[in-house]
Amino acid sequence: MPEWLNDAVTTDAELNAVTLLIRLGAAMLFGGLAAGIYRLTRRPDHGEATSLTPTLVLLAIIIAMVTMAIGNSVARAFSLVGSLAIVRFRTVVEDTRDTAFVIFSVAVGLAVGAGMMLVPLLSLPFVAAAAFAFRRGPQLGTSRGIVETLVVRVGAGRHPDALLVDVLSKFLDAQDLKSAETAKQGSALDLTYVVRLKPNADRIAMVTELNTLVGVQEVKFARS
């Protein structure tokens, strides 16, 4: 029998309970540290932090568990890859920085599961230093007001800037276009803004005035 095939079907020596507990505990610890760095360096107006923070900890623990289950077995590796391939996620990570932290959490879990504790221990200070050095502040100066989300649907053929500029400048102190996507099979355009209202500005009045504009089909306004 070829050596590579013999290795593939050879059973690894079982890890004892103490080793398993130590590695899972270390995965939770390092995953928590990664999540802490993420929370400390995120933008204050970033809405995904609440759900992503525990996800980073869970990822580190789960990946460590998967790594220990695989061990040195090629057969188990292919079996787990095939099983996990059926999983589909509908949530899109909009910020590439969040994706980097997800990958970092996966790397922490892999290293701990393989018993290489020094890898996350020595890499954490470098990740923390880079995250703090390149962290971004709130885009709209949230300390000066409440940041909210405004979604406006504009019919095709209308230039959004020319159509909305007067009303937005009248009611808003600051605005940031976060996304633009087609709707109704391309017959409309959905614009999503992160906005801060002027002091004493009336939200209902702004929505009403936007709805009166020719070309505006729908307006949604909500707290971020």
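These are my notebook entries on one protein chain, looked up in a predicted model.

**Entry 1: the overall layout**

I began with the element count, and the protein comes to eight helices and four strands. Reading from the N terminus, I wrote the order down as α-α-α-α-α-α-β-α-β-β-α-β. The protein has 224 residues, and 33% of them are buried. I then looked at contacts between residues at least 6 apart in sequence, and 75% of these join residues at least 24 apart.

**Entry 2: the aromatic pair**

How many aromatic pairs does the structure hold? I found one. The ring centres of Tyr38 and Phe101 lie 5.3 Å apart with the planes at 65°, and since an angle over 60 degrees counts as edge-to-face, that is the label I gave the pair. I noted where the partners sit: Tyr38 belongs to helix α2 (residues 17–41) and Phe101 to helix α5 (residues 96–113). With these positions 63 residues apart, the pair links distant parts of the chain. Are the two rings' residues buried or exposed? Tyr38 is buried at a relative accessible area of 0%, and Phe101 is buried too, at 6%.

**Entry 3: helix α3 and its contacts**

Next I went to helix α3 (residues 49–70), where Ala64 is found. Ala64 has 0% relative accessibility, so I put it down as buried. Setting aside neighbours within four places in sequence, I listed Ala27, Gly109 and Gly113 as the contacts of Ala64. I also checked a backbone distance: the C-alpha atoms of Ala64 and Ala111 are 7.4 Å apart, although 47 residues separate them along the chain.

Thr67 is in helix α3 as well. Its relative accessibility is 14%, and because that is under 20%, Thr67 counts as buried. Which residues does Thr67 touch, not counting those up to four places away in sequence? My list reads Gly109, Leu110, Gly113 and Ala114.

**Entry 4: helix α7, one face in and one face out**

Helix α7 (residues 160–171) has 12 residues. From first C-alpha to last I noted a reach of 16 Å, close to the 16 Å expected at 1.5 Å a residue. I collected the buried residues of α7: Pro160, Leu163, Leu164, Val167, Leu168 and Phe171. Looking down the axis of α7, I saw these buried residues fall within an arc of 100°, so they line one face of the helix. Which residues are exposed on the other side of α7? Those are Asp161, Ala162 and Asp166.

**Entry 5: the nonpolar cores**

I then turned to the largest nonpolar core, which has 19 residues. Leu150, Leu164, Met206 and Leu210 touch the most other members. I traced where the core comes from: β1 (147–155), α7, β3, α8 (203–211) and β4 (216–223) each supply at least two residues. Which element gives the most to this core? I have α7 down for that, with five residues.

I followed Met206 further. Leaving aside neighbours within four places in sequence, Met206 is in contact with Leu150, Val167, Phe171, Leu172, Leu197 and Phe221. There is also a second, separate core of 18 residues, and its members include Ala27, Ala35, Phe104 and Leu124.

**Entry 6: the β2–β3 hairpin**

Strand β2 (residues 172–183) runs antiparallel to strand β3 (residues 188–197), and I noted 10 bridges joining them. As one point of register, I marked Glu181 standing opposite Asp190 in β3. The two strands form a hairpin, with four residues between them.

**Entry 7: two positive phi values**

A friendly reminder to myself: most residues other than glycine have a negative phi. That made me look at Lys184 in the loop between β2 and β3. Phi of Lys184 is near 55°, a positive value in a residue other than glycine. Lys184 has 51% relative accessibility, and as the cut-off for exposed is over 50%, Lys184 counts as exposed.

Where is Asn200 found? I located Asn200 in the loop between β3 and α8. Asn200 is not a glycine either, yet it has a positive phi of about 65°. With a relative accessible area of 82%, Asn200 is exposed.

Key. Residues numbered from 1 in each chain as written. Predicted model: local features only at pLDDT ≥ 70, side-chain atom pairs only at ≥ 80, totals over all residues. Heavy atoms only, no water. Phe/Tyr/Trp six-rings, centres within 6.5 Å; stacked < 30°, edge-to-face > 60°. Buried < 20%, exposed > 50% of the residue type's maximum accessible area, 1.4 Å probe, protein only. Pairing = 2+ DSSP bridges. Expected span 1.5 Å × (residues − 1). Arc of directions from axis to C-beta. Core = buried A, V, L, I, M, F, W, Y, C linked by side-chain atoms within 4.5 Å. Contact = heavy atoms within 4.5 Å.
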